[in-house]
Amino acid sequence: GLPARVRIHEVGPRDGLQNEKTVVPVAVKAEFIRRLAAAGLRTIEATSFVHPKWVPQLADAEELYPRLTGQELDGVRLPVLVPNARGLERALALGAREVAVFASATESFAKANLNRTVDGALEMFEPVVSRAKREGLAVRGYLSMCFGDPWEGPVPVTQVVRVCRALARMGCDELSLGDTIGVATPGHVRALLTALGEAGLGGESPRLAVHFHDTYGQALSNTLAALQHGVTTVDASAGGLGGCPYAKSATGNLATEDLVWMLHGLGIETGVDLDQLSATSVWMAERLGRPSPSRTVRALTGP
Ligand code: HMG
Ligand code: MG
């Protein structure tokens, strides 16, 4: 069966904006996050404490995070990405309560994204996760390239299970399975979730989340397959913002509006006001100077 409620992990301000050519002014980012919260999103990934040269779009994290105050943001979870001890230090200094490390299922992407081997990256995360847990923070472990890799092709399920196990052993509260280049199809999603279940992953802790990109138009089908498999946390990006610098066709994350349209159609609660969310994405698209690629945003707000 399907869940009665799905928690949407909104990644637009982080995963979306990190891939935009334009560097968005910090005041616009803060307003974007407030508007997303006002539209009912309760988990909004705010920014990354990574090396500013690697992701210049998010180099203003120190300026942005303290601006995330106000009534709309009461009770809203604002996770941030931290790759290493330095990143965690920066996040803790600003009072972050929720962090995410981001591993790779493939060697090529570990090298490209983290300048490490797969295991070298896991070694880098281990003290970060244990310190974060000691500080009482919630910790998410992302895993990129869970289905295919632009350099290595299809990714074997066993390879993904191995890294998921390592992230679970470290103490991650949640694992987000990333289809970074958007090549997954529902059969592959079922195969991976089945293999994870057989490895003892797929229960309450760590919770599994899914993170689909819409490159081949499969993100919603993949999401439905995951929901049928018991997943109740889904990552999405408002207006379909972002892309992946390593994917041939830079189609972005699953658009939050497309996800909400499907979930509400299935009678699944999200707490999101779809019209208000679409209006927010249109507002953001105007700031970026290009229309939202989300079909739902266009259908609801177009001429
Ligand atoms: P490195 O070059 O190996 O870094 O990069 P290092 O550890 O050798 O340190 C070099 C210098 O960087 C040092 O400075 C450090 O202090 C500094 P120096 O002593 O030379 O002056 N440094 C930092 N400065 C600020 N903040 C930090 C930090 N760390 C080191 N946190 C590193 C290694 C991990 C830092 C780098 O590769 C990096 O920042 N990578 C981040 C890349 C990234 O953010 N990618 C996007 C997120 S992942 C994603 O989007 C996928 C996802 O959405 C899911 C999906 O779709 O699949 C999550
Ligand atoms: Mg992504």
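**Exercise 1. The bend in a helix**

At which residue does α6 bend, and which proline follows within four residues?

*Solution.* This is a predicted model.
Step 1. Locate the helix. α6 covers residues 118-134, which makes 17 residues.
Step 2. Check its span. From first C-alpha to last, α6 reaches 25 Å. That is close to the 24 Å expected at 1.5 Å a residue.
Step 3. Find the bend. α6 bends by about 30° at Phe-125. Pro-127 is the proline that follows within four residues.
Step 4. Look just past the end of the helix. There Gly-136 has a positive phi of about 85°.

**Exercise 2. The buried side of α6**

List the buried residues of α6, then name the elements that they pack against.

*Solution.*
Step 1. Read off the buried residues. They are Val-118, Ala-121, Leu-122, Phe-125, Val-128, Val-129 and Ala-132.
Step 2. Recall the helix geometry. An α-helix has 3.6 residues a turn, so residues three or four places apart point the same way.
Step 3. Name the partners. The buried residues of α6 pack against the helices α4, α5 and α7 (157-170), and against the strands β5 (98-104) and β6.
Step 4. Return to the bend. Phe-125, where α6 bends, is one of the buried residues.

**Exercise 3. Unusual backbone angles**

Asn-115 and Met-145 both have a positive phi. Decide for each one: buried, partly exposed or exposed?

*Solution.*
Step 1. Know the background. Most residues other than glycine have a negative phi, and most peptide bonds are trans.
Step 2. Take Asn-115. Its phi is near 55°. Asn-115 sits in the loop between α5 and α6.
Step 3. Count its neighbours. Asn-115 has 13 other C-beta atoms within 10 Å, so it is partly exposed.
Step 4. Take Met-145. Its phi is about 60°. Met-145 belongs to the loop between β6 and β7 (148-149).
Step 5. Count again. Met-145 has 30 other C-beta atoms within 10 Å, so it is buried.
Step 6. Add the peptide bond. From Ser-205 to Pro-206 the bond is cis, with omega near -5°. Pro-206 lies in the loop between α8 (186-198) and β10 (207-212).

**Exercise 4. The surroundings of Leu-36**

Is Leu-36 buried or exposed? Which residues is Leu-36 in contact with, leaving aside its neighbours within four places in sequence?

*Solution.*
Step 1. Place the residue. Leu-36 is part of helix α2, residues 26-38.
Step 2. Apply the cut-off. A residue is buried if 20 or more other C-beta atoms lie within 10 Å of its own. Leu-36 has 26 C-beta neighbours inside 10 Å, so it counts as buried.
Step 3. List the contacts. They are Glu-10, Gly-12, Leu-41, Ile-44, Ala-238 and Thr-280.
Step 4. Compare sequence and space. Glu-72 is 36 residues from Leu-36 in sequence, but the two C-alpha atoms are 9.1 Å apart.

**Exercise 5. The ligand shell**

How many residues surround ligand 1, and which are the closest?

*Solution.*
Step 1. Count the shell. Ligand 1 is surrounded by 22 residues. The closest are His-51, Gly-87, Ser-144, Gly-178 and Thr-180.
Step 2. Trace the elements. Those giving two or more residues are α1 (12-18), α4 (85-93), α5 (107-114) and β6 (138-144).
Step 3. Sort by type. Nine residues of the shell are nonpolar, eleven are polar and two are charged.

**Exercise 6. The whole chain**

What does the radius of gyration say about the chain?

*Solution.*
Step 1. Survey the parts. The chain has twelve helices and eleven strands.
Step 2. Compare the radii. The radius of gyration is 18 Å, close to the 19 Å of the globule rule for 303 residues, so the chain is as compact as a globular protein of that length.
Step 3. Check burial. Of the 303 residues, 51% count as buried.

Conventions
Residues are numbered from 1 along each chain as its sequence is written. Chains are lettered from A and ligands numbered from 1 in the order in which they are written. This is a predicted model: local features need pLDDT of at least 70, side-chain atom pairs count only at pLDDT 80 or more; totals for chains, interfaces and linings use all residues. A residue is near a molecule or strand if its C-beta atom, placed from the backbone, lies within 6 Å of it. Ala, Val, Leu, Ile, Met, Phe, Trp, Tyr, Cys and Pro count as nonpolar, Asp, Glu, Lys and Arg as charged, and the others, Gly among them, as polar. The radius of gyration is taken over C-alpha atoms; the globule rule is 2.2 Å times the number of residues to the power 0.38. A residue is buried if 20 or more other C-beta atoms lie within 10 Å of its own, exposed if 12 or fewer, and partly exposed in between; C-beta atoms are placed from the backbone. The expected span of a helix is 1.5 Å times one less than its number of residues. The bend at a residue is the angle between axes fitted to the seven residues ending there and the seven starting there. Two residues are in contact if their C-beta atoms, placed from the backbone, lie within 7 Å.
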